[in-house]
Each structure stands twice: as structure tokens, then as C-alpha cells.
Amino acid sequence: MSIKLENLNYTYSPGNAYEKHALKNVNLEIPHGQFVGIIGHTGSGKSTLIQHLNGLMKATSGALYYDGKNIYDEGYDMKALRSQVGLVFQYPEHQLFEVDVLTDVCFGPKNQGLSEEECLKRAKEALELVEFPEKYYHQSPFELSGGQKRRAAIAGVLAMKPKVLVLDEPTAGLDPKGRDDILDQIERLHKETGMTVILVSHSMEDIARYVERIIVMNHGEKLFDGMPKEVFAHYKELEQVGLAAPQVTYMMHDLKAQGMDVRTDVTTIEEAADEIMRCFHD
Amino acid sequence: MIRDITIGQYYPAKSSIHRLDPRVKIVCTLLFLISLFVQNSILGYAIATVFLAVVIKVSKVPLKFIVRGLKAIVILLMFTVVMNLFLTKGGEEIFGFWIFHISEQGLRTSVFMAVRLIYLIMGSSLMTFTTTPNSLTDGIESLLHPLNRFHVPVHEVAMMMSIALRFIPILLEETDKIMKAQIARGADLESGNIIQKTKAMVPILVPLFVSAFRRANDLAMAMEARCYCGGEGRTKMKPLIYKNRDYMAYTVTVVYLVLIIGIGRFVPFKLWIF
Ligand SMILES: Nc1ncnc2c1ncn2[C@@H]1O[C@H](COP(=O)(O)OP(=O)(O)O)[C@@H](O)[C@H]1O
Ligand SMILES: [Mg+2]
């Protein structure tokens, strides 16, 4: 179930005044079950990149292998790919259209050709997974709060039981609590179902504590790719491309500069607290 | 995909045509269109060709963009040509077979008609390629200003036009996004018969309408919050003022118009039947 990108290039409106080389020679391999964060400044090509993963956009050049098969080969079953790689767009609540939440979540499974009961079963499962309150199942999706709409929309993709879940800035426009709730839920989803999760964000702080691997995009190119602490070690370069390492990284570097013998590769506040306590105990 | 629609689109470039006052471009385009209809001779069309070619060259808009706009009228064009070719009578017969007869007059009319239509589209798309929608509406507003006296709400109409124009690319982008989101959920927009295809549009149209209303609402709110209350006493941040180059453009166009009418109508030059 791995995804592999080879020298992927994408150009918007080629040969036109609005021409934009949005992806430049991207090479990437994402094994099954990984929790990956894709991060980059606005306009760095994150959304463009992930729309390639389920074949919605076709690369100008290069290859994309899903499960070892090149999806650009003649006769490749794109519909099957799209039910394996679930893509949640930015502001997914803007795609809701049905009369009630449950029916809307059923849209995906119905397109997969499942029976009515199976669709309902899947929809309910998906809504439970995102902890959508049952009392709103039969309400119009347009009458929900922002956070609930987003949950319903994410459930709409989950109901298709994808093996890979890609989320484009799932926390955009949510308040801090709504943001933490959604991210916690995504993490739980990853743990419980073991699916590959690809989380796109422009905020390091958001994803640092959740993901196992961070891919940094800059001007359509892959800049860094590694475990969070490896990537954060480049905090100076990250600043130059308009990103920042989490605040604890800065704090630990400052402490170290002041002569305290702490490790600088911690990524979360909890780890940092433990590390500082360890120094005091020593 | 959906963004590739070119008709009525702006082509950003730095050229003297782009810099002209929008009023000049509107009036000169109208004069050019008139020039195509007040004469009907090969010399006249030759002058029009030269004029159009020079303006296109100066505008720096690639010819292929302007030609692409013609795709929209291919059917109309063919229809006109075929109709004129076979139905116009007059002069000697050039070609005859069964019920199909082409006369000299028919050939002449159909060729000239085709050229006229093509130049008409090329001329007007050149205007939209070199003028942003906003300055186009500014120009129209200013040109129609005298109608205010007859209680025509010129400012309001122009404001509506510029908002509508502004929303077209936004709504196209939105449509693109919603389509992609639904395709990602397995929606099938292509296959099936008409009824199935129409049904498949529901998941796209409903969110699109919701979003259009939401945006319209937001915009109205934002305008009211800034005390917008129509055209009365409203000044412009960038008022339209004629510069030297604008007067020059007028002069060139008027000279062209005089030339084409003078030569096209009064110089009896003929090449075969044209
Ligand atoms: N439909 C489009 N047409 C032309 N250019 C686009 C389009 N969508 C995005 N771009 C350009 O491609 C680049 C990458 O965009 P995107 O992938 O949306 O970035 P991100 O998601 O990282 O903010 C940007 O410079 C953007 O302006
Ligand atoms: Mg984006």
C-alpha cells in the first residue's frame, strides 16, 4: 500500500501568461501505516502535491506508483484508487449538499456501489469515528456549527474506508479547541485503524506532536524529509523559508547556549519538561 | 481544466494598448466594428487587416490566444458561410451540381461575411484581453454617465457588472474545487445518460449555490460596513483622465475610419470577383 513519487513535476496553465511550475522533481516514498505531515508556506505546492496522490491531478511529467503500479499507465482503475486514497480538501464543509448529515456521509459509499444498509452502516461507523453527536444525524448539514460541519465532511471521506487518508489543512479556520479536538481525533484514527495518514499544514506547532515524519515543501520542491527532530535541527533554514520550529526547540537551544546540558532534539512541551527535570536531577 | 476558458479574459502584459484609457478602447473597438460594416471591398478589408494586425502586434497578446476565442463561433461561422454560399444569387454561376449552385455573388458575400465575423470577434476579444474587467466597467460607467439625466442608475448597473465580473473567476475556481472534492468521494460526472448526468450535477450545484449566496452575503455586509450607499457623491480613487496617448489613439482610429470608408467605398478596385 505504499505510495511512491518519482520525479514528479506539475505546471499550471503551461504556455500561458499564468504559467506556474508548482511541483519540481518531487521524489517521495510513503510506506503503509505511516503518519506523515506535509508542511510548507502558503503557495509552496502542498495542495497541488496531495491532489496527485489520488489521481485528481495528472503530473506533467514523472511517475506515481501506488502499490507498485504506475497510476498513469493506460487502463489504470482511477475509481478504485480514489476509494483507496481518501482526500479531505481544505474547508471540506463546503462540499456538503444533502438534506441531512447521514445521507451526505452515505454519498461516498453509495458511489462505491454498496447496498443501502451497508452505506448506512459505514456512514454511522464513520460518524462515530469522528465523534459526531448522534442527535444531529438527521439535521441539515447547513445548520451545524463550523467544527461539526468539518467532522461530518471528514466522515464523508472516512465512510469510503480508504487505506490512506489525506487531509489538507484540516484545522484551517477552527478555534484552538476545535483544532486540538480534530487533531487528537485524527491521531486516534491512525492508531485504531492503522491507516496511512497524510496531514497537510502550514503550522509546525500543529503537527509536531502528532506525526512520525515531516516533509517540508518550499517553492514546489521538497526541502527536508525526516523525523520531526531531524527536521527541527534545521530550525535556522526553516526560518528562512517562512516556517518556524516549535517553540520548545528554540527554548532548548537557548538553554543549551546558557550552559545547561539539555538535549535539543525534543519536539513537545512534555518531552522538554522531562528533559529539563532530568538535568536538574543529575 | 475549467480555468482554460479564454473568451472575455484578461491577458496581462505591458503594452501601449494595455495602458490606454478604457474609454478609448471601448470607443475605438466600436469604431473598428463599424468600419467593418460600412464598406464591402477587398481594399477596405486589406486596410482593416493591416490595422488589426498592427494593433495585435503592439498589444503583445499572442495571436494564438485571440484565435482561440474564435472557437466559440465556429458553428455560427460555418452556418453563415454555407448559407450565403448557396443561397445568394447574382452574377455568373461558378459551380453547379444537382441542387447546389454557387454564384459569383454568393462566393463574394460568404467570403466577406466570414472575414467580417472573424474580425469582429478578434477585435472585441482584443479589447477584453487588454483591459481588466474592472477598468472596462469603469470605462462603461463613464461613457454612459450622461444617461444619468434620464434617471438610468448608471453607477449601480456598473457596480453590479463589476461585481459579477469579479465573481466569475472565483465561482469557476469554486466549481473546480467542489467538482474535485466530489470526484474524490467517488462521484461519476461523465458516464451515464442525460438524466443520470443531470442528477450527478446536484452534488456540485448545491454547494456552489450555497457558496455563491454566502459570498454575496459577505460582500454586501462588507460594503455596508464601509458605508457604501450607491453612486451619489461618490468619487473615484483612480479617476479616468485622458492622456496624450489616448488622444493619439483616437486620432489614429479616426484616420483609419476615414481611410477605410474613403478607399473602400470610392476606389473601384476589383480582384476577379472580389
Ligand atoms: N488552479 C491554479 N492555477 C494556477 N496556479 C495555481 C492554481 N492553484 C495553485 N496555483 C499556484 O501553484 C502554487 C502552489 O499552490 P498550492 O499547491 O495551492 O499551495 P499550498 O497548498 O502549499 O498553499 C501557488 O503558487 C499557486 O499560486
Ligand atoms: Mg493549500
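Contact here means heavy atoms within 4.5 Å. Helices (H or I, at least four residues) and strands (E, at least two) are DSSP runs, numbered from the N terminus. The structure is a predicted model, where local features need pLDDT of at least 70, side-chain atom pairs count only at pLDDT 80 or more, and totals for chains, interfaces and linings use all residues; side-chain values use heavy atoms, with hydrogens and water left out. Residues are numbered from 1 along each chain as its sequence is written, with chains lettered from A and ligands numbered from 1 in the order in which they are written.

**Exercise 1. Find what the buried residues of α3(A) pack against.**

Step 1: start with burial. Buried means under 20% relative accessible area, exposed over 50%, and partly exposed in between (1.4 Å probe, protein chains only). Eight of the eleven residues of α3(A) are buried, so the rest of the structure largely encloses this helix.

Step 2: list them. They are V101(A), L102(A), D104(A), V105(A), C106(A), F107(A), G108(A) and P109(A).

Step 3: look for partners. In chain A these residues pack against α4 and α5 (146-158), and in chain B against α8 (154-184) and α9 (194-225).

Step 4: check what follows the helix. Just after α3(A) comes G113(A), with a positive phi of about 85 degrees.

**Exercise 2. Work out how α3(A) and α4(A) pack, and which residues make the contact.**

Step 1: get the geometry. Axes are lines fitted to C-alpha atoms, for helices over the stretch in contact, and angles run from 0 to 180 degrees between N-to-C directions. Helix α3 (residues 101-111) and helix α4 (residues 116-129) of chain A pack at about 115 degrees, their axes 8 Å apart.

Step 2: classify the angle. Under 35 degrees counts as roughly parallel, over 145 as roughly antiparallel, 65 to 115 as roughly perpendicular and the rest as oblique. α3(A) and α4(A) are therefore roughly perpendicular to each other.

Step 3: name the residues. α3(A) brings V101(A), L102(A), V105(A), C106(A), P109(A) and K110(A), while α4(A) brings C119(A), L120(A), R122(A), A123(A), K124(A), A126(A) and L127(A).

Step 4: sort by class. Ala, Val, Leu, Ile, Met, Phe, Trp, Tyr, Cys and Pro count as nonpolar, Asp, Glu, Lys and Arg as charged, and the others, Gly among them, as polar. That gives ten nonpolar, no polar and three charged residues for α3(A) with α4(A).

**Exercise 3. Run the same routine on α5(B) and α6(B).**

Step 1: the axes of helix α5 (residues 74-87) and helix α6 (residues 104-130) of chain B come within 8 Å and cross at roughly 160 degrees.

Step 2: α5(B) and α6(B) are therefore roughly antiparallel to each other.

Step 3: from α5(B), the contact takes L77(B), T80(B), V81(B), N84(B) and L85(B); from α6(B), it takes G106(B), L107(B), T109(B), S110(B), M113(B), A114(B), L117(B) and I118(B).

Step 4: the residues where α5(B) meets α6(B) split into eight nonpolar, five polar and no charged.

**Exercise 4. Count the disulfides, then explain what C119(A) is doing without one.**

Step 1: a disulfide is a pair of cysteine sulfur atoms within 2.5 Å. Searching the whole structure turns up zero over all chains.

Step 2: for C119(A), the closest cysteine sulfur belongs to C106(A) and sits 5.4 Å away, too far for a bond.

Step 3: C119(A) is buried, at 3% relative accessibility.

**Exercise 5. Which residues other than glycine have a positive phi near 50 or near 60 degrees?**

Step 1: recall the background. Most residues other than glycine have a negative phi.

Step 2: K161(A) has phi near 50 degrees. K161(A) sits in the loop between α5 and β7 (164-168) of chain A and is partly exposed at 47%.

Step 3: C227(B) has phi near 60 degrees. C227(B) belongs to the loop between α9 and α10 (244-266) of chain B, and is exposed at 62%.

**Exercise 6. Is L23(A) buried or exposed, and what does L23(A) touch?**

Step 1: L23(A) is in strand β2 (residues 20-30) of chain A. With a relative accessible area of 0%, L23(A) is buried.

Step 2: skipping neighbours within four places in sequence, the contacts of L23(A) include L8(A), Y10(A), L49(A), H52(A) and M217(A).

Step 3: K46(A) is 23 residues from L23(A) in sequence, and the C-alpha to C-alpha distance is 8.9 Å.
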